[in-house]
Amino acid sequence: MEPIIIEGTAKTPTVKFDSAEGVFEIKGRSIPENSVEFYKPLVDWLDTYKESPLTKTVVNIRLEYFNTSSSKCILDVFKKLEAIHKAKNEVEVNWYYEEDDEDMLEAGEDYESIIRVPFKMIEIVE
Amino acid sequence: MSFNIENYFSDLTTANTILYYKGNVDSDVINHVLDTVEDKMVEVKEQSKLRKKVYNVLVESLQNLYHHVDKVPGDFDDQTCERFGLLVVKKVSDGYRIITGNFVHVENIEKLEEKIKRINRSSHEEIKELYKFILNHQRISAKGGGGLGLVDIARKTGNKLEYTFKAYNSHYSFFYLDILVNE
């Protein structure tokens, strides 16, 4: 499977989905007007990965900002990961937030309460 | 014109107004507004916590305009805008006020007002639960909105959504949303 590598912009995050390593990363700002357009290829890619995943997949989410329209798309990404986890594969989500950013921590906790995948909340101390 | 939409703002020219915009709300305008306000907050060394809240609320307010505004009334003097909106960002003593304005067709007023009233009578905990419920159960609409913008604004600010509808003509009202983001 070809990895996904997308450079970040002012409104869209940097994405690195490496199926060989089983490490997926979304980083930066996710505030596009049309978030479905951005996330659909990622969700489709995960659909394919889900057919033959590695025994362990690590997901690093390190967002500075995300809008509500992205929040639904990010949930779609997590739902794919949940399916991988449900099929008896190890999946770990690392949710990064800056030390004074309670809103970002709460956002991670929202997902943790909806998605049945182990989450680790990691504070970034500058 | 039945009233001047800018009359709502008595002091637009004061130093407290850090940004004023009236016109078409497209993707480039949104980028420009976000950059301008972010730069100004960095310039005055605003705490990062408040800066992030203001930025988040600004994104949602602008994208609410982008996704949801009704077209302008036929007798409005600016017919060129596909998405006409008005935005004011003001510095106040303990934070910022973000005020948006847009036309709403009379048929859509009740639904919007009901949504705001529901948010305003909810506790912080209820708003959090409402956010999670919508996140998990509602699909992104044909207009591209997630239906979460106002809920998110109320959740992040912890403040009530102040709003007014001013009748423009028999078919349209002008809707002002006044959001306080404070420390």
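I will go through the strand pairing in chain A and then the side of chain A that touches chain B.

The model is predicted, so please take what I say as a description of that model.

I'll start inside chain A. Strand E3 of chain A covers residues 23-30, and strand E4 of chain A covers residues 56-66. The two run parallel, and eight bridges join them. If you want a place to look, find A:Glu25: opposite it, in E4(A), stands A:Asn60. To get from E3(A) to E4(A), the chain goes through helix H1 of chain A, residues 35-49. That β-α-β crossover is right-handed.

E4(A) also pairs with strand E5 of chain A, residues 90-98. This pairing is again in the parallel sense, with six bridges. Here the residue to find is A:Lys56, whose bridge partner in E5(A) is A:Glu90. Together with H2(A), the strands E4(A) and E5(A) form a β-α-β unit, and that unit is right-handed.

Now to the contact with the other chain. How many residues of chain A are in contact with chain B? There are 18, and they meet 22 residues of chain B. On the chain A side, two elements give two or more residues each: helix H2, 68-86, and helix H3, 102-114. H2(A) gives the most, with five residues. So H2(A) comes up twice in this talk: in the β-α-β unit with E4(A) and E5(A), and on the side of chain A that touches chain B.

As for residue types, the side of chain A that touches chain B divides into six nonpolar, six polar and six charged residues.

Key: Residues numbered from 1 in each chain as written. Chains lettered and ligands numbered in written order. Predicted model: local features only at pLDDT ≥ 70, side-chain atom pairs only at ≥ 80, totals over all residues. Contact = placed C-beta atoms within 7 Å. Helix = DSSP H or I, 4+ residues; strand = E, 2+ residues; numbered from the N terminus. Nonpolar A, V, L, I, M, F, W, Y, C, P; charged D, E, K, R; others polar. Pairing = 2+ DSSP bridges. Right-handed = clockwise from strand over helix to strand, strands pointing away.
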